[in-house]
Amino acid sequence: MERLNAALVAMRRILRATDIHAKQLSRETNLKTSQLLVIQTIDEVGEMTIGEIAARVNLAQASVTAIVHRLQEAGLLTRQRGDSDKRKVYVHLTPEGREVLERAPTALHDRFSERFTELEDWEQMQMVAVL
């Protein structure tokens, strides 16, 4: 029973940290975590189609379409038809989007990645197995 309580407390701490980070992100940038993830991905990779973004961030294409639409309305992204294939539409980051990205707090998953890579291999494998 003691281990169960410890596990539940650990899960609550993770959920709380996620919630606190989401609120801070919203306060500082007016973005949701999924929106920041899309902007970061476009910034890292460059122009991408919605399907490519969806695959990269592991979200449904319909969800990414809605996110991109909202970010485009906010002036943070633009869509442009491809030069060689007019059927493809590429998403680009605007200067305003880059500015929002610069003032955004460090993403929670980035902080986790930094700490996770510092773990020994066996610790990483154990953590993945537990999750």
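1. Let's start with a pair worth finding on screen: aspartate 43 and arginine 98 form a salt bridge, and their closest N and O atoms are 3.4 Å apart. Aspartate 43 belongs to helix H2 (residues 33-45), while arginine 98 belongs to helix H5 (residues 95-103), so this pair ties together parts that are 55 residues apart in sequence. Please keep in mind that you are looking at a predicted model.

2. How exposed are these two partners? Aspartate 43 has a relative accessible area of 34%, which makes this residue partly exposed. Arginine 98 also counts as partly exposed, at 37% relative accessibility.

3. Why can such side chains pair at all? Side chains of opposite charge can do so when their charged atoms come close. A search of the whole structure turns up five salt bridges, and two more of them are described below.

4. Next, look at arginine 87, whose side chain meets that of aspartate 85 in a salt bridge with an N to O distance of 3.0 Å. Arginine 87 counts as exposed, because its relative accessibility is 72% and the cut-off for exposed is over 50%.

5. Now go back to helix H5, where arginine 103 and glutamate 99 both lie, four residues apart, or about one turn of the helix. Their side chains meet in a salt bridge, with 3.9 Å from N to O. That value fits the rule used here, which asks for a nitrogen within 4 Å of a carboxyl oxygen.

6. Is this last pair buried or exposed? The answer lies in between: arginine 103 is partly exposed at 40% relative accessible area, and glutamate 99 is partly exposed at 48%.

How values were computed:
Residues are numbered from 1 along each chain as its sequence is written. This is a predicted model: local features need pLDDT of at least 70, side-chain atom pairs count only at pLDDT 80 or more; totals for chains, interfaces and linings use all residues. Side-chain values use heavy atoms; hydrogens and water are left out. Helices (H or I, at least four residues) and strands (E, at least two) are DSSP runs, numbered from the N terminus. Buried means under 20% relative accessible area, exposed over 50%, partly exposed in between (1.4 Å probe, protein chains only).
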